[in-house]
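Biologist: Thanks for sitting down with me over this one. Could you walk me through it, charged pairs to begin with?

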Amino acid sequence: HHGHHAHEATRGVPNAAHANHPILMGVDPIWAPSDVYTAHPPIDAEVLVDGHVLTGMNPSDPEKPDTPTMPVAWIRQPNAPTGTGRIFCSTMGASIDLKDPSLRRLIVNGIYWCMGMEGDISLTRSVDPVGRFNPSFFGFSHDPTGKFPADYFTCL
């Protein structure tokens with residue numbers, strides 16, 4: 001983690017060098033309560049979004065000086081025996097992060113791009129959650145019963 005875990009959030013800033021990439025269509029700066037993580041994408045990656053540590057947990061908080069900027073979303077198109085692959089990766093995506101509409105749009109656009117359907121990316125396409133979405137803050141267990149996810153499954 002860069003910054004103070006659960007006290008300093010992330011601002012994801014779209015990379016101006018790739019402003020016309022279809023995945024960034026409609027993506028504004030992203031606010032994610034989770035951390036900026038160390039990431040070393042492969043050399044052939046195109047970094048679409050850079051992560052900046054904030055001084056607090058609010059979207060309007062300034063960036064924390066003297067902390068590294070890390071890639072938080074990137075793409076790759078490696079050659080494979082069956083053709084060129086498409087890979088989209090993001091270090092953002094804790095459930096609470098997904099409250100940010102620009103992060104949801106980034107992920108939806110990334111999925112379309114990975115499927116070779118970038119022509120179907122549209123600013124009018126809704127990226128709103130379906131139904132009620134009340135994510136819990138990240139951590140180990142926020143179930144009011146104190147249970148963990150494994151407690152809900154029975155393995156034979």
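Biologist: Happy to start there. How many salt bridges does the structure hold?

Modeller: Keep in mind that this is a predicted model. Side chains of opposite charge can pair when their charged atoms come close. In this structure the number of salt bridges is five.

Biologist: Lysine 64 has a salt bridge; which residue does its side chain meet?

Modeller: Lysine 64 sits in the loop between strand 3 and strand 4, and its partner is in the segment before strand 1, 56 residues apart. Lysine 64 is partly exposed because its relative accessibility is 29%. The partner is buried, with a relative accessible area of 10%. At 3.1 Å, N to O, that partner is glutamate 8.

Biologist: And arginine 11 with glutamate 63: how many residues apart in sequence are the parts this pair ties together?

Modeller: Their side chains meet in a salt bridge at 3.8 Å, N to O. Arginine 11 counts as buried because its relative accessibility is 17%, under the 20% limit, whereas glutamate 63 is partly exposed at 37%. Arginine 11 belongs to strand 1 and glutamate 63 to the loop between strand 3 and strand 4, so the pair ties together parts whose separation in residues is 52.

Biologist: What is the N to O distance in the salt bridge of arginine 86 and glutamate 118?

Modeller: Arginine 86 is in the loop between strand 6 (83-84) and strand 7, while glutamate 118 is in the segment after helix 1, 32 residues apart. Arginine 86 is partly exposed at 28% relative accessibility, and glutamate 118 is partly exposed at 25%. The N to O distance for this pair is 2.7 Å.

Biologist: Let's turn to the helix. In what order do the elements run from the N terminus on?

Modeller: The protein has one helix and seven strands. Written from the N terminus on, the order is β-β-β-β-β-β-β-α.

Biologist: Which residue caps the N-terminal end of helix 1?

Modeller: Helix 1 covers residues 101-114. Its 14 residues reach 20 Å from first C-alpha to last, close to the 20 Å expected. At its N-terminal end, a side-chain oxygen lies 2.8 Å from the backbone nitrogen of serine 102, and the capping residue is aspartate 100.

Biologist: Is arginine 104 buried or exposed?

Modeller: Arginine 104 is found in helix 1. Its side chain reaches the backbone oxygen of leucine 98 at 2.8 Å, and its contacts beyond four places in sequence are Leu98, Lys99, Val127, Asp128 and Pro129. Because its relative accessibility is 14%, under the 20% limit, arginine 104 counts as buried.

Biologist: Which strands do the buried residues of helix 1 pack against?

Modeller: Those buried residues include Leu103, Leu106, Tyr112 and Trp113. They pack against strand 2 (30-32), strand 3, strand 4 and strand 7 (87-90).

Biologist: Which residues make the nonpolar surface patch of about 270 Å²?

Modeller: One member lies in helix 1 and is partly exposed, at 46% relative accessibility. The patch is made by Ile111, Met115 and Met117.

Biologist: One last backbone point: what is the phi of aspartate 66?

Modeller: Aspartate 66 lies in the loop between strand 3 (46-53) and strand 4 (70-76). It counts as exposed because its relative accessibility is 82%, over the 50% limit. Although aspartate 66 is not a glycine, its phi is positive, at about 60°.

Terms used: Residues are numbered from 1 along each chain as its sequence is written. This is a predicted model: local features need pLDDT of at least 70, side-chain atom pairs count only at pLDDT 80 or more; totals for chains, interfaces and linings use all residues. Side-chain values use heavy atoms; hydrogens and water are left out. Helices (H or I, at least four residues) and strands (E, at least two) are DSSP runs, numbered from the N terminus. Buried means under 20% relative accessible area, exposed over 50%, partly exposed in between (1.4 Å probe, protein chains only). Patches are made of residues with over 30% relative accessible area and no salt bridge: like charges are joined within 9 Å, nonpolar side chains (Val, Leu, Ile, Met, Phe, Trp, Tyr) within 5 Å. Accessible areas come from the Shrake-Rupley method with a 1.4 Å probe; for residues, only the protein chains shown count as cover. A salt bridge is a side-chain nitrogen of Lys or Arg within 4 Å of a carboxyl oxygen of Asp or Glu. The expected span of a helix is 1.5 Å times one less than its number of residues. Contact means heavy atoms within 4.5 Å. A polar contact is a pair of N or O atoms within 3.5 Å; within protein, one must be able to donate a hydrogen and the other to accept it, and residues adjacent in sequence count only if both atoms are side-chain atoms.
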